[in-house]
Amino acid sequence: MSIQCKVKSIESLAANTYRILLHPEQLVTFKAGQYLMVVMGEKDKRPFSIASSPCRHEGELELHIGAAEQNAYAHEVVEAMKAALVDGTSIMVDAPHGDAWIQEESERPLLLIAGGTGFSYVRSILDHCIAQRKVNPIYLYWGARDDSQLYAAEELTTLAEQYAHVHFIPVVEQAPSEWRGKVGNVLEAISEDFDTLADFDIYIAGRFEMAGAAREQFTQNKQARSDRMFADAYAFI
């Protein structure tokens, strides 16, 4: 469904990373873990995960977009959003899309894996689970180049302190001297922490190669079930 949206706000989250709030002209019904397409042209639609949860989005759609200048695909979208905010014009989106949404009927523990701004995908799922008072154990692993890219770390740490079933594990490739978390590859960190993933529902967002590597490593080495692994990337790889 194509919907006209006003750009309500644009906020910098980290270097070249933005939180964008869109106000659609009509209510968009979606499931936690789905994405929308920003319409840049008749045959040019660009996908971004919806960071807001369907039960608490109050009619607005939240996006987290990593848009370094060398990433023209995303940078052009952010520039279009900025222009629409200044001019008061609308942005067209097509939503909802994606089959990697939260399996609400499942009582299995959740493993949420995010690389970079793939966090927006798992944020929607996490917030929805908390709002729906689900008590399944939730382990959220967020991998980034360095801690400056973990723009929601404080929020997640607070949630983990408030809810005993929520666990937040940040993983960085480059760590400052005062860093007390995990260092290295996020998939390797998970492999070190779990003997088996047989009982988990696994949700993944990040680069396609990360999603592919996770499926290969976890099904072969950690007894993960491929039918309980969810990622938009799996529709394409």
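**Strands 2 and 11 in a predicted model**

Strand 2 and strand 5, which covers residues 61-66, pair antiparallel over six bridges. Before I go on, note that this is a predicted model. Within that pairing, Leu21 has Glu62 of strand 5 as its bridge partner.

Strand 2 has a further partner. Strand 1, residues 2-14, runs antiparallel to strand 2, and eight bridges join them. One position to look at is Cys5, which stands opposite Pro24 in strand 2. The two strands form a hairpin with two residues between them. In that turn, Asn16 has a positive phi of about 60°. How much of strand 2 is buried? Seven of its eight residues are, so the strand counts as mostly covered, buried being under 20% relative accessible area.

Now to strand 11, residues 201-205. Five of its five residues are buried. In a regular strand, side chains alternate between the two faces of the sheet. Here Asp201, Tyr203 and Ala205 point one way, while Ile202 and Ile204 point the other way.

Which strands pair with strand 11? Strand 7, residues 110-115, does so in the parallel sense over five bridges, with Ile113 bridged to Ile204. Strand 12, residues 229-230, is also parallel to strand 11, over two bridges, and there Ile202 has Met229 as its partner. Strand 11, helix 5 and strand 12 make a right-handed β-α-β unit.

Last, the surface. Phe208 lies in helix 5, residues 208-221. Its relative accessible area is 40%, so Phe208 is partly exposed. Together with Phe236 and Ile237, Phe208 forms a nonpolar surface patch of about 320 Å² accessible area.

Key. Residues numbered from 1 in each chain as written. Predicted model: local features only at pLDDT ≥ 70, side-chain atom pairs only at ≥ 80, totals over all residues. Heavy atoms only, no water. Patch = residues over 30% accessible without salt bridge, like charges linked within 9 Å, V, L, I, M, F, W, Y side chains within 5 Å. Areas by Shrake-Rupley, 256 points an atom, 1.4 Å probe, with all protein chains shown as cover. Salt bridge = Lys/Arg side-chain N within 4 Å of Asp/Glu carboxyl O. Helix = DSSP H or I, 4+ residues; strand = E, 2+ residues; numbered from the N terminus. Buried < 20%, exposed > 50% of the residue type's maximum accessible area, 1.4 Å probe, protein only. Pairing = 2+ DSSP bridges. Right-handed = clockwise from strand over helix to strand, strands pointing away.
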